[in-house]
Amino acid sequence: MTTAACNGDDEQSASGAATPTSTSTFEQQKLAKTRFVANAGLAAGATYQWIVKPYRAGKFTKGADGRTFALVKAGLAGAFTYNRLKAAVNNAKGDPLLSKAVVPLTAGIESLKELGTKLRKGEAGDADVGAFESVINSIKDAGKSAGAEVVDKVPSTSQLGG
C-alpha cells in the first residue's frame, strides 16, 4: 500500500508541474521578444547616435574638431552595439519565429566584433560604418518580420562605458 501511495503522489506532481511549464514557456517567449526589442533598440540607437551620425558629419576625419572624443565614443558604441546584438540574439532563442528570423544574422553580428577597436583607433571607413548600418537594419527587419518591431533607443554615455 505504501508503494501505491507514492505512485499516486508522483502522478499528482507530474501533472501539477506540467501546467506551470507551459505557462512559463509562454511567458519566456513573451519576455524573449520584449528583451530582444530592448537590446536591439539600444544597439540601433548607439550605432546611429555615436557611429553613423558623427561619421556622416565628418567627425572622424583627421583634423576634425573633437575627433578624438568622437572616436572614443564611437569605439565604446561599437563594443556596446556588439554586446547588445549578441544579447538580442540570445533573447531571440526564446521565441521560435524570432529565432528563425535572427539566426542568419549571427555571422554579420560577429563581423562587428573588432570594429569597435577600429573605430576607436580612427581606422574605420565607409565600409565599416556601412557594416554597422547593414547589421542593424537586418536586425530591425528580422524583428519586424517576427512581430517584434525594433525602435532606436539611444543609451546614455554611462551605459556605453558600463
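Modeller: A residue counts as buried under 20% relative accessible area, as exposed over 50% and as partly exposed in between, with a 1.4 Å probe and protein chains only. This is a predicted model, in which local features need pLDDT of at least 70 and side-chain atom pairs count only at pLDDT 80 or more, while totals for chains, interfaces and linings use all residues. Residues are numbered from 1 along each chain as its sequence is written, and side-chain values use heavy atoms, with hydrogens and water left out.

Biologist: How many helices and strands does the secondary structure of the chain come to?

Modeller: Both are DSSP runs numbered from the N terminus: helices are H or I with at least four residues, strands are E with at least two. Along the sequence, the pattern reads α-α-α-α-α-α-α. The count is therefore, under that definition, seven helices and zero strands.

Biologist: What share of the contacts in the chain with a separation of 6 or more comes from residues 24 or more positions apart?

Modeller: A contact requires heavy atoms within 4.5 Å. For contacts with a separation of 6 or more, residues 24 or more positions apart account for 78%.

Biologist: What percentage of the residues in the chain is buried?

Modeller: The accessible surface, computed by the Shrake-Rupley method with a 1.4 Å probe and, for residues, with only the protein chains shown as cover, comes to about 9200 Å² for the chain. Carbon and sulfur atoms hold 54% of that surface. Of the 162 residues in the chain, the buried portion is 34%.

Biologist: Is G78 buried or exposed?

Modeller: G78 is located in helix 2. Not counting residues up to four places away in sequence, G78 touches I51, G116 and F132. Its C-alpha is also 7.6 Å from that of L112, although the two residues are 34 apart in sequence. With a relative accessibility of 0%, G78 is buried.

Biologist: Which residues does S99 touch, not counting those up to four places away in sequence?

Modeller: S99 belongs to helix 3, residues 96–102. Its relative accessibility is 18%, so it counts as buried. Outside the excluded places in sequence, its contacts are A92 and K93.

Biologist: How far apart are the end C-alpha atoms of helix 6?

Modeller: The expected span of a helix is 1.5 Å times one less than its number of residues. For the 20 residues of helix 6 this gives 28 Å, which agrees with the distance between its end C-alpha atoms, 28 Å.

Biologist: Within what arc do the buried residues of helix 6 fall, seen down its axis?

Modeller: The buried residues of helix 6 are D128, V129, F132, V135, I136, I139, A142 and G143. They line one face of the helix, because the arc, taken from the directions from the helix axis to the C-beta atoms, spans 160 degrees.

Biologist: Which residues are exposed on the other side of helix 6?

Modeller: Just after helix 6, G147 takes a positive phi of about 80 degrees. Within helix 6, the exposed residues on the other side are D126, A127, D141, K144 and S145.

Biologist: Which residue forms a salt bridge with R56?

Modeller: A salt bridge is a side-chain nitrogen of Lys or Arg within 4 Å of a carboxyl oxygen of Asp or Glu, and the count by this rule is four. R56 lies in helix 1 (residues 2–56) and its partner in helix 6 (residues 126–145), so the pair ties together parts 77 residues apart in sequence. R56 is exposed at 58%, whereas the partner is partly exposed at 26%. With the closest N and O atoms 2.6 Å apart, the partner is E133.

Biologist: What is the N to O distance in the salt bridge of K86 and E110?

Modeller: K86 lies in helix 2 (residues 67–92) and E110 in helix 4 (residues 106–110), 24 residues apart. K86 is partly exposed at 35%, and E110 is partly exposed at 34%. The N to O distance is 2.6 Å.

Biologist: Which residue forms a salt bridge with K140?

Modeller: K140 is in helix 6, and its partner is in the loop between helix 6 and helix 7 (157–161), so the pair joins parts twelve residues apart in sequence. K140 is partly exposed at 24%, and the partner is partly exposed at 36%. The closest N and O atoms are 2.6 Å apart, and the partner is D152.
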